[in-house]
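Reader: I should like to learn how the features of a structure are read. May we take them one at a time?

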Amino acid sequence: MKTVREKLDIIKKKLVLLCSQPHKIYLIVGLIGALGFAVITPPFQGPDEPEHYIRVQYIAHGHVIPVNPKSTGASLPKSIGETLRLTFYDDEIRGFSAKKYDFNRTKQAVKRSLNPSERYQPPMVSYNFLTYLPAVPGVFLANVFNLSPVISLYVARILLALASVVIVYFAIKLLPGKKYLFTFVALLPMMLFQQSMVGTDGVSYAIFMLFLAYMLRLYTQSTDIQHSQWIKLALLCGAIVWSKPLLYLFLPLIIILVKKKHFWRWSIIAAVISVLLLGANMLMANNAGEYEYRSDSLPQNIQSDRQLQNLKEHPKRGPRVLWNSYMTSFGDDEARGVIGTFGAADALYPLWMGYIYIFVLGMTATVSLGKNKSKLTIPNSWRWLAVGLAVVHFIAVNLAIYLTYTPYNFDIIYGVQGRYFLPTLIIIFMAIFLSRGAELKPQDKKNIITISSLIILSLVMMALLITFQRYFMYTP
């Protein structure tokens, strides 16, 4: 008969063994976080989730290529619009911290069948179908059985969460070193929240992580890169282009493989694939026409052409607007949103918990916790390229929002959200810390790994609780 102490020792050994496998840690915590957010968050509360869900429904109804519904006659069951009004549009809780979501509205919506006979023509966002694909079979089957749009929404969330987590899981397995840093960045509460909602960010960021991991795996392998591996890399480059706008800015990172055999041949093929897919993306976006926002959600006085002309005529204006946006209190929300701002109700992750998360990331970044660290000694030129591309991505995102969403002549960039900069954060961490860190004794490494993993799990669980509290519990 084992004593309590012996049983605790066995549990501790199993826990330490589990924590020594970062891909498994990610899979467990990632599934808890992503599926938890998918279930806890009320319907359509994700970033632009109503528009993304409508796009998934259009794909499930056969409109794979985005089109303009008014000119093509594309339509959806009218019950989708009614469900949106019942669960989301007619009860704005954003900005009212004491106002909660009435769960009875979800229960009422669940009772409503799809009823495909009555139709309407909601506008269609111009994103292509790639990042929505995991959700489409589930939504299609829900439609076949005439289930409520709310049920198909939750089915779509769960399928997208599973797909995103599995892709990142394989990315972590492929990474040749610094797996814990990659793991803990991937477990940022905001990253998990994006993976749990119907949208493009979860799958696109997962594909981006897989691209980075596979590229570094090819760089560190001792054997020549096989043709099949080059093809996979070329396909990943194409998937990056088709997953989310502006992520393609990071494709030049493959230059790290320049000394590998057949690099130029396959990089040209990757470039051709990427350019063709980018062109197809632009054609599909133009074919869909301009997206029609709800009039009460779009800021007033948006004049993209005049905004751009104003920047050209006054070169100092751009830097000043950028400074005002991030070097004053206006930028606090964007910085905080990188760690976590959950849902349309803006459930905020507490600052002190964000500081703990940053501390854990810093600790895992600056010490060597894995094996074969020397393999990740990468050229300084590549590091500078990565940082430079991260800066370009940061500026490009801000410029896009300033031109298309910010009122004319505004002195700050209106509408920027922290979630846009998750790829920038990943690249910055990978560029700066992909090298040997401070060496530690084996037992110290095990302790840091185990404690850090438990802290990250606790922080993710707290993010779920905070989100649940914001929507369903009392807040003064």
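**Contacts, cores and empty space**

Author: Let us begin with one residue: outside its neighbours within four places in sequence, Val139 is in contact (heavy atoms within 4.5 Å) with Val56, Gln57, Ala60, Ser152, Val155 and Ala156. This is a predicted model, in which local features need pLDDT of at least 70 and side-chain atom pairs count only at pLDDT 80 or more, whereas totals for chains, interfaces and linings use all residues. Residues are numbered from 1 along each chain as its sequence is written, and side-chain values use heavy atoms, with hydrogens and water left out.

Reader: Where is Val139 found, and is Val139 buried or exposed?

Author: Buried means under 20% relative accessible area, exposed over 50%, and partly exposed in between, with a 1.4 Å probe and protein chains only. Val139 is found in helix H7, and its relative accessibility of 0% is why Val139 counts as buried. Helices (H or I, at least four residues) and strands (E, at least two) are DSSP runs, numbered from the N terminus.

Reader: Which residues is Ala135 in contact with, leaving aside its neighbours within four places in sequence?

Author: They are Val56, Ala156, Leu159 and Leu160. Ala135 lies in the loop between strand S2 (119–120) and helix H7 (136–144). Ala135 counts as buried because its relative accessibility is 0%.

Reader: Which residues of the largest nonpolar core touch the most other members?

Author: In soluble globular proteins, nonpolar side chains tend to be buried together. A nonpolar core is a set of buried Ala, Val, Leu, Ile, Met, Phe, Trp, Tyr and Cys residues joined through side-chain atoms within 4.5 Å. In the largest core here, which has 117 residues, Phe211, Met215, Leu253 and Tyr349 touch the most other members. Helix H11 (residues 201–220) gives the most to this core, with 14 residues. Beyond its neighbours within four places in sequence, Met215 is in contact with Leu253, Ile254, Ile256, Leu257 and Trp382. A second, separate core of 12 residues includes Leu246, Leu403, Ile413 and Val416.

Reader: How many residues of H11 are buried?

Author: H11 is mostly covered, with 18 of its 20 residues buried. In helix H10 (residues 189–196), 8 of the 8 residues are buried, so H10 is largely enclosed by the rest of the structure.

Reader: How many cavities of 30 Å³ or more does a search of the whole structure find?

Author: Rolling a probe the size of a water molecule over the atoms shows where empty space is left. On a 1 Å grid over the protein atoms alone, a cavity is a set of points where a 1.4 Å probe fits but cannot get out, and a pocket is an open set with protein on both sides within 12 Å along at least five of seven lines; lining residues have an atom within 4 Å of a point. Grid points are joined across faces, edges and corners, and a volume is the space filled by probe spheres set on the points. The search finds 3 such cavities, and the second largest has a volume of about 50 Å³. Its lining includes Trp230, Cys237, Ile254, Leu257 and Ser267.

Reader: Which residues lie nearest the centre of the second largest pocket?

Author: Among its 22 lining residues, Glu334, Ala335, Arg336, Val338 and Leu425 lie nearest the centre. This pocket holds about 530 Å³ of space, and H16 gives the most to its lining, with 6 residues.
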